[in-house]
Number of protein chains: 2
Amino acid sequence: MSGENILALSGGVGGAKLSWGLDNITAKNTLTIIANTGDDFIHHGLYISPDSDTLIYTLAGVNDPERGWGRADETWHTHSTLGQFGIENWFQIGDKDLALHLYRNEQRKKGTSLTEITQHIAQKFGVNSRILPMSDDPVQTIIESDIGHLSFQEYFVKHQSKPCIRNISFNGSTEASISPELKTVIKDNGFKAIIVCPSNPYLSIDPILSIKEIKSFIESSSIPVVAVSPIVGGKALRGPTAKIMHEMDIPVSVMGIAEHYHPLIDGLVIDHKDKIMSSKMQSMGIAVQVTNTVMNCDSDKIQLAQDVVEFSQMISVKKDSL
Amino acid sequence: MSGENILALSGGVGGAKLSWGLDNITAKNTLTIIANTGDDFIHHGLYISPDSDTLIYTLAGVNDPERGWGRADETWHTHSTLGQFGIENWFQIGDKDLALHLYRNEQRKKGTSLTEITQHIAQKFGVNSRILPMSDDPVQTIIESDIGHLSFQEYFVKHQSKPCIRNISFNGSTEASISPELKTVIKDNGFKAIIVCPSNPYLSIDPILSIKEIKSFIESSSIPVVAVSPIVGGKALRGPTAKIMHEMDIPVSVMGIAEHYHPLIDGLVIDHKDKIMSSKMQSMGIAVQVTNTVMNCDSDKIQLAQDVVEFSQMISVKKDSL
């Protein structure tokens with residue numbers, strides 16, 4: 001796949017799995033992943049960037065696949081000591097993970113940008129692909145819920161996704177611009193495909209699309225845009241996607257996903273389980289690829305990545321022939 | 001000893017040992033320890049206050065007595081991960097220790113003063129005595145050495161006290177004032193004794209005395225001031241005290257210590273090994289107490305604390321009878 005530059009949009013776990021597959025089948029530096037930073041927050045005074053970190057750990061192969069976040073073979077000594085102090089520690093940071101946050105903290109104090117820091121860290125972990133935060137400017141996902149306004153971490157970790165969601169907004173996104181690095185990549189790279197990973201559309205992908213420059217680049221380019229549905233058989237494989245769709249009166253199905261991303265996407269990759277919905281989506285003008293979208297093992301991730309890239313190439317040929 | 005308010009000046013290890021003894025023989029909240037903050041520094045963006053931390057850990061009984069700093073039963077996962085990153089990690093922070101630094105970092109970002117934070121931490125550890133930083137203003141011990149100007153940590157940890165010392169200065173001490181808490185304690189407490197712990201006079205006690213308000217309080221008060229010699233038999237029990245004295249052309253003996261603290265102190269506590277120097281010191285107008293000053297076990301610390309307090313009371317009686 002060398003020479004095929006690919007742009008991916010990703011949140012944490014599910015998105016990171018497909019990103020791993022894409023990283024695996026692409027040549028060094030040809031895959032650029034825009035990471036959601038709407039979940040970023042300050043904890044114990046340290047800047048935490050959960051989705052970038054999950055992407056780095058996953059692509060470096062040091063992630064904990066069971067837990068879905070953080071590092072494998074992790075220990076929790078600092079965390080439990082904070083607990084003994086009686087200090088609020090609902091957000092768990094492992095001892096190894098902490099090293100990354102300390103490094104980022106030190107670099108931030110020196111005035112290094114989030115994008116530069118993310119690049120440095122990815123390099124230190126030997127990551128082959130480019131992981132770029134959606135913006136160096138602060139954008140915060142705010143969940144308006146039945147118990148009040150919550151940041152993503154408060155909603156997802158502290159309250160374990162239990163509050164009922166009424167609305168989601170992205171504080172700061174109107175003023176936020178993309179980093180010089182992302183600007184250059186977008187300008188120079190000649191992407192062959194834009195892939196929307198199977199992350200939570202509302203909490204992981206929408207924050208990325210809330211950045212004007214990213215959205216308008218995708219809208220205005222002729223590059224095929226392909227999303228992978230995070231909903232399989234009417235359920236989310238992980239996380240609160242289905243729950244959110246239900247609370248926001250969106251049909252919990254691949255159709256709900258198709259309608260959400262329409263007209264931004266050219267194609268949607270869905271699971272065999274949802275094959276029956278293909279024609280309905282095609283009638284909306286969305287090309288459909290039916291395959292196995294459940295990534296249980298590495299070969300699943302690689303296969304899905306290949307399917308997605310091939311699908312986008314087919315769409316590209318079609319677009320060109322129009 | 002209840003009702004006997006005591007003020008102690010202390011650095012790390014040796015000072016913390018005697019402080020533990022003093023804490024052990026005094027009633028709750030009657031011992032106030034002024035901690036040296038000239039060694040404080042920023043590491044990975046976290047504010048580290050080594051002497052305050054050693055005092056807290058020691059008085060809480062969670063210190064590592066072998067190592068002389070940090071906590072007992074410590075682990076080093078974050079530290080070794082930083083090393084794997086290729087990040088400068090000459091200053092070792094244990095995983096449990098890190099919890100304290102994260103808490104301080106969080107509090108500092110909220111604008112809480114160093115003194116307030118130190119009090120909170122000491123409280124959380126159940127410390128009975130008052131540990132107060134010498135100032136909330138930044139004062140940095142600078143070592144002018146044969147390899148250039150070094151901060152204390154660079155000298156002591158990074159270069160393992162090897163550089164040759166030419167001069168020592170305390171950046172910021174002229175402008176620094178004492179905290180409102182220390183002001184109140186000094187004003188209200190009616191101390192029966194001021195004890196200069198057996199810490200390094202040049203690197204641990206002098207920074208404290210470089211704060212005008214502390215020095216002039218000690219100079220102007222009629223409270224007996226008693227120091228415990230950190231030099232025993234011409235040697236320092238730990239750390240670079242003897243080496244520094246040698247490099248600065250100061251006789252490496254209790255006489256060197258007596259001359260350094262003269263005329264601030266009324267009495268000096270020395271070890272049996274140095275008994276022979278007593279009369280020479282007495283001729284300088286310094287009262288001398290000869291006892292065992294080597295603190296190998298808890299009973300040594302308690303015994304020395306008792307000896308020091310009794311000695312100061314004897315001096316007090318003498319002063320009153322003048």
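**Notes on the two-chain model**

1. Let's start with one histidine: H120(B) sits in helix α5 of chain B. This is a predicted model, so please read each value below as computed from it. Is H120(B) buried or exposed? Neither label fits fully: H120(B) has 15 other C-beta atoms within 10 Å, so it counts as partly exposed, because being buried takes 20 or more such atoms and being exposed takes 12 or fewer.

2. While you have H120(B) on screen, you could look across to V308(B). The two residues are 188 apart along the chain, and their C-alpha atoms are separated by 29 Å.

3. Next, helix α4 of chain B, which covers residues 95–109. With 15 residues at 1.5 Å each, this helix should span 21 Å, and its end C-alpha atoms are indeed 21 Å apart, so the expected and modelled lengths agree.

4. How many residues of α4(B) are buried? The count is 12 of the 15, so the helix is largely enclosed by the rest of the structure. The buried stretch runs through D95(B), K96(B), D97(B), L98(B), A99(B), L100(B), H101(B), L102(B), Y103(B), R104(B) and N105(B), with Q107(B) buried as well.

5. What do the buried residues of α4(B) pack against? Within chain B, the partners are β4 (46–48), α2 (50–60), α3 (77–84) and α5 (114–124). From chain A, α3 and α4 join in. The helix α5 named here is also the one that holds H120(B). Just after α4(B), look for G111(B), which takes a positive phi of about 90°.

6. Now the meeting of the two chains. Here 20 residues of chain A are in contact with 20 residues of chain B. On the chain A side, the elements that give two or more residues are α3 (77–85) and α4 (95–109). The largest share comes from α4(A), with 9 residues. As for chemistry, the chain A side divides into 7 nonpolar, 8 polar and 5 charged residues.

7. Finally, chain A as a whole. It has 13 helices and 14 strands. Its radius of gyration is 19 Å, close to the 20 Å that the globule rule gives for 322 residues, so chain A is as compact as a globular protein of that length. Its C-alpha atoms fill a box of roughly 65 × 40 × 40 Å along the principal axes.

8. A last word on the inside of chain A: 51% of its 322 residues count as buried. Among contacts between residues at least 6 apart in sequence, 66% join residues at least 24 apart.

Terms used:
Residues numbered from 1 in each chain as written. Chains lettered and ligands numbered in written order. Predicted model: local features only at pLDDT ≥ 70, side-chain atom pairs only at ≥ 80, totals over all residues. Contact = placed C-beta atoms within 7 Å. Helix = DSSP H or I, 4+ residues; strand = E, 2+ residues; numbered from the N terminus. Nonpolar A, V, L, I, M, F, W, Y, C, P; charged D, E, K, R; others polar. Expected span 1.5 Å × (residues − 1). Rg over C-alpha atoms; globule rule 2.2 N^0.38 Å.
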